[in-house]
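Here's a quick briefing to read alongside the model. It starts at the ligands and then works outwards through the fold.

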Amino acid sequence: MLKVITLEEFIKLIENIKELQELQEEIIDIDRIYNRVLSKDIISPCDLPGFNRSSVDGYAVKANDTYLCSDSMPSVLKLLGEVKIGEIPPFVISEGEAVYIPTGGMLPSGADAVVMIEDSEDAFNEVLINKPVAKGENLVMSDEDVVKNEVLLKKGTTIKPHHIGVLAGIGVTEVCVKEKIKIGIVSTGDELVSPYSSCPVPKVRDINGFYLKSAVEEDGCEGRYYGIVSDNKEKLNEVVKVALNENNIVLISGGSSAGNKDFTIDIMERHGKVLFHGLAIKPGKPTLMSECNGKYIIGLPGHPLSCAVVYKFIVKKILDKMYGRITDDINTEGTMGVNYHKARGREEYLPVKIEEGVIYPLYAKSSAISVLSKADGFIKLPRDCEGIEKGEKIIVMR
Ligand SMILES: Nc1nc2c(c(=O)[nH]1)N[C@H]1C(S)=C(S)[C@@H](COP(=O)(O)OP(=O)(O)OC[C@H]3O[C@@H](n4cnc5c(N)ncnc54)[C@H](O)[C@@H]3O)O[C@H]1N2
Ligand code: MOO
């Protein structure tokens, strides 16, 4: 019999994970930083863009010189020359003067606005301005994008392309990130064969090993696949021993429940302390976890949908905790399209499809996998809830 713990108890348990294992820090170049987790805040060493610049092609002027001008009564300004992009303009604009400026060009001193080229007429050594501009119009100010010493990115941020763009913009090319969590992945079962080999009935191709390796990589970890291990306690023990030695975490899928060939619990007992065996979630009840000198073994159910749900809603929480990651869940709210009944006792994660804001459950057994490609996300039904009615609003977790 499994001694099942609730999700709340699980969350309390992983609160201590930081003390159990401290990840090292690495300095990484920004061209290799995608998906890594920052271990220090990024403070901007400079303003951005760092100089006042024009946001249009036109004429840099003193705004006061364009006051009340119009098509019928243009302001006539003396043209001093042209600002070259990427160069400091050698002009100082005085009353009654203007210079041509391209988009992105540096505003010459004395000027405080730019007139768009469409609102002017070029007239040999002079320019006619047909429309007034206000001070600051058509300009990007020196610290408008980033202010020097601003905390731009917080420790715990997972680096995405927009963060890399910001770092490039402020010239920070090396940053401190958390060492990648290394995760060993083991698939167990006499019935399993590689997706690369033939699969005579009633063998089964290894789905979980491939799912888990890509899932951990998507979450910024290094996934190492240790292959398929038959239902042999000693062989499994050997592979887990090696994987534990080489990684921070070992994920074993299959053999998690209590059948006569379910050895994960025995292996865990050999290698450390079992933290729990059984979680009050559906699917995923036989999930188990142990700790061994600051490393973890997590046993996931063999059923592919259960394995994926446990990864997404349980293992990921552990990884986020270890990384100290700032999480920003992408959730959508929708309205239930049908009544859905559930038994009390386990928190349920139900794959759903969303059609124009209406949510429809995808009825799939834990043994399924294709449902994940059809689902838009999951809804979570609390432990004591007995279902959800058509028309009720609920959050879909992506
Ligand atoms: N008497 C009971 N039987 C079962 C219970 C129970 O409470 N009492 N729980 C069921 C639940 S719920 C789940 S989930 C599964 C968990 O089983 P295991 O983790 O022990 O997994 P296996 O028995 O090894 O495999 C289950 C199923 O999944 C297939 N499988 C396994 N690994 C993979 C893989 N890498 N890729 C694709 N498919 C895989 C395997 O062939 C089995 O069909 O136990 C229930 N039983
Ligand atoms: O717990 Mo099993 O994972 O419900 O199918």
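Of the 26 residues around ligand 1, the nearest are Asn 208, Gly 254, Ser 256, Pro 301 and Gly 302; a residue is near a molecule or strand here if its C-beta atom, placed from the backbone, lies within 6 Å of it. Keep in mind that this is a predicted model, where local features need pLDDT of at least 70, side-chain atom pairs count only at pLDDT 80 or more, and totals for chains, interfaces and linings use all residues. As for labels, residues are numbered from 1 along each chain as its sequence is written, while chains are lettered from A and ligands numbered from 1 in the order in which they are written.

**Ligand surroundings**

- Helix H4 (208–218) and helix H7 (304–323) each put at least two residues into the shell around ligand 1; helices (H or I, at least four residues) and strands (E, at least two) are DSSP runs, numbered from the N terminus.
- By type, the shell around ligand 1 splits into 7 nonpolar, 15 polar and 4 charged residues. Ala, Val, Leu, Ile, Met, Phe, Trp, Tyr, Cys and Pro count as nonpolar, Asp, Glu, Lys and Arg as charged, and the others, Gly among them, as polar.
- Around ligand 2 you'll find Lys 282, Pro 283, Gly 284, Lys 285, Pro 286, Pro 301, His 303, Ser 306 and Ser 366.
- The shell around ligand 2 breaks down into 3 nonpolar, 4 polar and 2 charged residues.

**Domains**

- The protein chain is cut into domain 1 (7–23 + 180–323), domain 2 (26–48 + 146–178), domain 3 (53–140) and domain 4 (331–397), with bounds from an automatic or database domain assignment.
- Between domain 2 and domain 3, the C-alpha centres are 36 Å apart.
- UniProt, in an unreviewed entry, puts the feature "domain: MoaB/Mog" at residues 184–321; its positions are given in the numbering used here, feature names are shortened, and annotations may be inferred rather than shown by experiment.
- Residues 184–321 are 37% helix and 29% strand, and the C-alpha atoms at the two ends are 18 Å apart.

**The sheet with E16 and E18 at its edges**

- Six strands make an open sheet, ordered E16-E13-E17-E21-E20-E18, with mixed pairing; two strands pair if DSSP finds at least two bridges between them.
- Why is one side of E16 and of E18 left without a neighbour in the sheet? Strand E16 (222–229) and strand E18 (273–277) stand at the edges with a single partner strand each, so one side of each has no neighbour there.
- From one strand to the next, the twist averages 15 degrees. Axes are lines fitted to C-alpha atoms, for helices over the stretch in contact, and angles run from 0 to 180 degrees between N-to-C directions.
- Helix H5 (residues 233–246) packs on this sheet, touching strand E13 (182–188), E16, strand E17 (249–253), E20 and strand E21 (295–300). The direction of H5 makes about 170 degrees with that of E13, and contact means C-beta atoms, placed from the backbone, within 7 Å.
- E18 pairs with strand E20 (residues 288–292) in the antiparallel sense over 4 bridges, and Phe 276 has Met 289 in E20 as its bridge partner.

**The sheet with E7 and E8 at its edges**

- Another open sheet of 6 strands runs E7-E4-E6-E5-E9-E8, again with mixed pairing.
- E7 and strand E8 (120–123) are the edge strands, each pairing on one side only.
- Neighbouring strands in this sheet are turned by 35 degrees against each other on average, direction ignored.
- Strand E4 (residues 58–61) is antiparallel to strand E6 (residues 97–101), over 3 bridges, and also to strand E7 (residues 113–116), over 4 bridges.
- Ala 60 has bridge partners in both: Val 99 in E6 and Val 114 in E7.
- E8 and strand E9 (residues 126–129) pair antiparallel over 4 bridges, with Ser 120 opposite Ile 129 in E9.

**Backbone oddities to check**

- The Leu 48 to Pro 49 peptide bond is cis, with omega near 10 degrees; Pro 49 sits in the loop between strand E2 (42–43) and strand E3 (53–54).
- Val 201 and Pro 202 are also joined by a cis peptide bond, omega about 5 degrees, and Pro 202 lies in the loop between strand E14 (192–193) and strand E15 (204–205).
- Asn 138 has a positive phi near 60 degrees despite not being glycine, and belongs to the loop between E9 and strand E10 (139–140).

Terms used
Two residues are in contact if their C-beta atoms, placed from the backbone, lie within 7 Å.
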